[in-house]
Amino acid sequence: MKNAAERLAFHHTIWNFLASVRLTVIVLLSLAATSVVGTLIPQNAASDWYYHKYGETLFRLFSGMHLFDMYHAWWFQALIAILVVNIVICSIDRIPGVWKIVTVQQPKFNIEQFRKQADAENYTVQQPPDALRERYARYVSRHFGYHRVENIGKSTCIFAEKGRWTRFGVYGVHFSVVLMLTGSLIGLIAGFDGFVNIPEGETISAARLNNGDTSQPLGFAVRCDDFDVSFYENGAPKEYRSRLSVIENNATVLQKDIIVNDPLRYKGINMYQSSYGKMPPDEMTVRFTAINSGKSVEVAAKMGETITLPDQLGTFVVQDFKSSYPFKGHRLGETFIGRWTPASGTPVDMIMPYPFPEFDIHDPDSVQRVAAFQASEQMSATEELPRTITLEFTSKASGMTYSRSASVGEKIEIPEGQGTFVISEVKRSYAFMGNPIGEAVIGRIERKSGAMETVALPVRFSNFDKMRKGEMVISVVDFQKPAPAAAGGLIVSVEAYSEKYYTGLQVTKDPGVLVVYLGFIVMILGSYVTFFTSHQRVCIELSGSGKNTRVLVSGTANKNKLGMQKRMKHLSRRLQQLD
Amino acid sequence: MSSSYILSIVTFVYAVSACLYIAAWIFKKNLPGKLAVSCLIIAAAGNAAGILLRWKESYDLGMGHAPFSNLYESLVFYSLVIAIISLVMEFRLGSRVIGAFTTPLIFLAIAYASLSPNMSDHIQPLIPALKSNWLIAHVMTCFLGYAGFAVAFVASLMYLIKTRSTEDRDQQPIHLPSSTVLDDITHQLVMFGFFFLTIGIITGAVWANSAWGRYWGWDPKETWSLITWIIYAGLLHARLMRGWQGKRIALLSIIGFSAVIFTYFGVNYLPGLHSYGQMP
């Protein structure tokens with residue numbers, strides 16, 4: 001028996017704690033305080049960025065506390081869950097009491113409570129109470145939802161009240177918070193959030209999810225018919241517009257131009273204009289000019305296709321396109337990279353900047369022209385030349401050697417699932433134990449476990465990395481340097497190329513949005529009721545006999561007491577004006 | 001006459017009004033008080049005219065958007081809303097003292113907009129993300145909320161000054177509304193601000209859902225507006241449910257307003273999507 005009583009008392013304590021405002025305030029303040037942290041640490045960045053920024057110790061600490069995605073961390077979600085439990089229990093605890101007040105048929109009025117009001121209004125009228133009674137009751141009935149006339153002792157009392165239901169307003173606000181969080185939970189479980197790039201003219205039927213590398217089929221296909229970007233005179237973007245066609249069973253079922261703020265919605269899936277870019281061109285016109293004779297020839301070329309040049313000049317292939325190309329501290333802009341194989345001799349790699357068709361790497365004037373042009377645009381660049389670097393990974397376990405190519409900053413997979421490798425920089429002169437050992441590639445290994453390691457790979461010493469005693473020995477085998485665009489007396493330039501954009505679309509499905517929006521509406525209405533309306537109770541007491549009546553006008557409200565005081569002043573003034 | 005020119009004159013009128021309000025308060029004189037109110041009304045009218053003219057100018061320039069798109073425009077609108085709330089409170093209280101505290105704040109806001117050398121008062125075309133009907137609703141409600149909190153902050157300061165001066169017997173009591181009234185208007189204005197901040201956050205969420213495909217993304221500005229909202233929610237719960245009053249509420253209101261200021265200015269120094277308010 002005693003046990004049961006104790007358990008009951010214990011349950012009671014727990015319940016009271018969960019229903020308490022103290023808990024509400026603690027949880028709210030914890031949410032506010034912890035939210036600050038997430039605004040100071042950028043969220044959801046790449047882990048090597050964090051590692052670089054915070055160093056190893058802090059990185060491990062923050063990572064362990066889930067601070068890099070803290071709003072989705074278990075402890076933050078737990079705080080939100082406690083808030084919901086608190087709101088629900090608090091409501092269950094209080095609503096029955098409020099329900100009684102709101103639904104009562106005959107509300108109780110305590111005359112003493114009204115008489116005690118310090119700010120009650122008093123005045124005397126030279127008319128008998130009975131003459132006033134009818135008139136006052138009629139006035140009150142027009143302005144209050146409920147009223148009744150009662151004789152208490154020698155006086156007549158008109159009791160009235162309105163706005164009983166407004167006591168529910170605050171529960172509306174609390175309920176709306178639960179609705180919003182429920183809606184977001186629905187979205188989390190039944191929705192997705194992804195991204196897709198569609199080149200103009202091409203069709204996709206799946207999007208890549210933002211969390212993880214999985215692909216999400218859409219259930220229909222989307223074609224990008226056209227993409228346009230327009231700019232204001234000051235160069236700021238004016239509009240991004242994609243013309244999309246929804247295709248089902250080989251038929252176009254919907255066509256829509258989407259812009260930012262006006263997405264495509266189809267079968268619960270939304271597509272938002274999010275980014276755009278240029279596709280690497282696949283067709284271009286290349287001009288070959290002999291420096292000595294000035295003779296030139298234009299040839300149509302395709303990316304990656306070898307063309308044979310006239311006059312026994314050999315063959316040429318356009319290999320690559322970069323939207324921006326730094327050269328000796330200058331930006332050359334959109335640049336093609338090609339390889340010329342003369343009829344006799346070794347192949348030469350060439351850079352062909354589109355904005356500078358006359359560009360000749362051996363001609364100092366040519367470089368200076370680029371410099372002068374860019375000084376006027378106030379561009380500054382200190383980048384190193386990007387190089388395509390070929391690395392060899394030799395596995396200790398299997399003895400296999402793998403060859404991989406990468407440019408600076410590009411992340412590549414280390415074979416045999418050993419993690420990833422990024423070339424962070426190329427040093428012109430690397431010093432090892434005080435001795436300069438020439439050019440070296442500096443890179444970073446990131447293991448599956450998240451552990452990082454920086455390695456230096458001198459170009460001239462291919463066995464250097466053996467010293468590290470890692471699972472893989474990495475060495476630099478090909479350290480490609482960009483070659484001149486004018487070699488052997490030939491200037492190669494790209495005259496024109498096919499321009500093609502792709503549109504970047506945010507793809508989401510969120511069936512919880514409607515619930516969240518319902519929560520928004522309930523929140524606004526509930527807040528209005530809670531803050532700007534109140535349950536007002538009024539008593540007009542008429543006392544005295546014969547010709548004179550003493551009138552007491554007194555009111556109480558559950559909120560905004562000062563406002564109620566003003567209302568009573570107003571009411572007593574209006575009553576005195578009644579004829 | 002351009003809108004920027006009108007608004008720089010308005011800045012000056014606000015300054016005159018602030019001086020007159022302070023003089024009227026310190027010397028307890030009626031005439032400067034009357035002049036101060038007239039100045040404030042003229043300045044607010046000029047402020048509103050400047051905003052409307054700027055709106056028209058943007059149409060003349062072929063951009064055609066509401067003047068709520070950058071830090072300059074938001075500060076100008078903020079000044080107007082604080083001025084209106086201050087006038088309403090003055091009328092309701094029947095006391096001019098509040099103006100002595102709000103007008104310096106208004107002057108600071110609009111002077112920062114008009115006079116700061118690295119603030120652009122040029123009308124800029126809207127970037128694609130801002131082209132939405134939600135712009136007006138979102139900015140207006142947010143700044144109504146911010147302005148409510150600003151005047152609540154002023155009332156809290158007055159409350160603290162008042163209670164300190166009454167505690168200190170040796171000192172001449174400072175001429176201020178009673179602490180009960182100041183406590184009450186703090187509460188009223190916090191409710192007003194909270195209501196509009198709530199709508200501001202909600203309209204922002206609906207807008208974000210149509211522009212970025214999510215209604216909430218923990219962007220620093222979003223998060224800081226939520227932090228502000230939570231602080232004021234805490235204040236309201238402490239007052240209504242635990243009966244907090246007076247000094248503790250005044251302190252919470254001051255903390256809340258610091259969060260407002262950080263949401264407004266400080267967030268620009270954090271990475272995020274809401275960079276429209278940044279300085280060029």
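A crossing of two helices is called right-handed if the near helix is turned clockwise from the far one by less than a right angle, and left-handed if that turn is anticlockwise. Keep that in mind as we walk through this predicted model, starting in chain B.

Look at helix H3(B), residues 71-93, and helix H6(B), residues 179-211. Their crossing is right-handed. The two pack at an angle of about 140°, and their axes lie 13 Å apart. Since angles over 145 degrees would count as roughly antiparallel and 65 to 115 as roughly perpendicular, the pair comes out as oblique.

So which residues make the contact between H3(B) and H6(B)? From H3(B) come Ile85(B), Met89(B) and Leu93(B). H6(B) brings Val181(B), Ile185(B), Leu189(B) and Phe192(B) to meet them. Sort the residues of this contact by character and you get seven nonpolar, with no polar and no charged ones.

Now hop over to chain A for a sheet. Strands in a sheet pair through backbone hydrogen bonds, and they can do so in parallel or antiparallel fashion. Here, four strands of chain A line up as S13-S14-S17-S18 in an open sheet, with antiparallel pairing. At the edges sit S13(A), residues 306-308, and S18(A), residues 348-353, each pairing on one side only. On average, neighbouring strands of this sheet are turned by 30° against each other, ignoring direction.

Zoom in on the S13(A) edge. Three bridges tie S13(A) to S14(A), residues 315-322, and the two run antiparallel. To find one of the partners by eye, start at Thr306(A): its bridge partner in S14(A) is Val317(A).

Terms used: Residues are numbered from 1 along each chain as its sequence is written. Chains are lettered from A and ligands numbered from 1 in the order in which they are written. This is a predicted model: local features need pLDDT of at least 70, side-chain atom pairs count only at pLDDT 80 or more; totals for chains, interfaces and linings use all residues. Side-chain values use heavy atoms; hydrogens and water are left out. Two strands pair if DSSP finds at least two bridges between them. Axes are lines fitted to C-alpha atoms, for helices over the stretch in contact, and angles run from 0 to 180 degrees between N-to-C directions. Angles under 35 degrees count as roughly parallel, over 145 as roughly antiparallel, 65 to 115 as roughly perpendicular and the rest as oblique. Contact means heavy atoms within 4.5 Å. Ala, Val, Leu, Ile, Met, Phe, Trp, Tyr, Cys and Pro count as nonpolar, Asp, Glu, Lys and Arg as charged, and the others, Gly among them, as polar.
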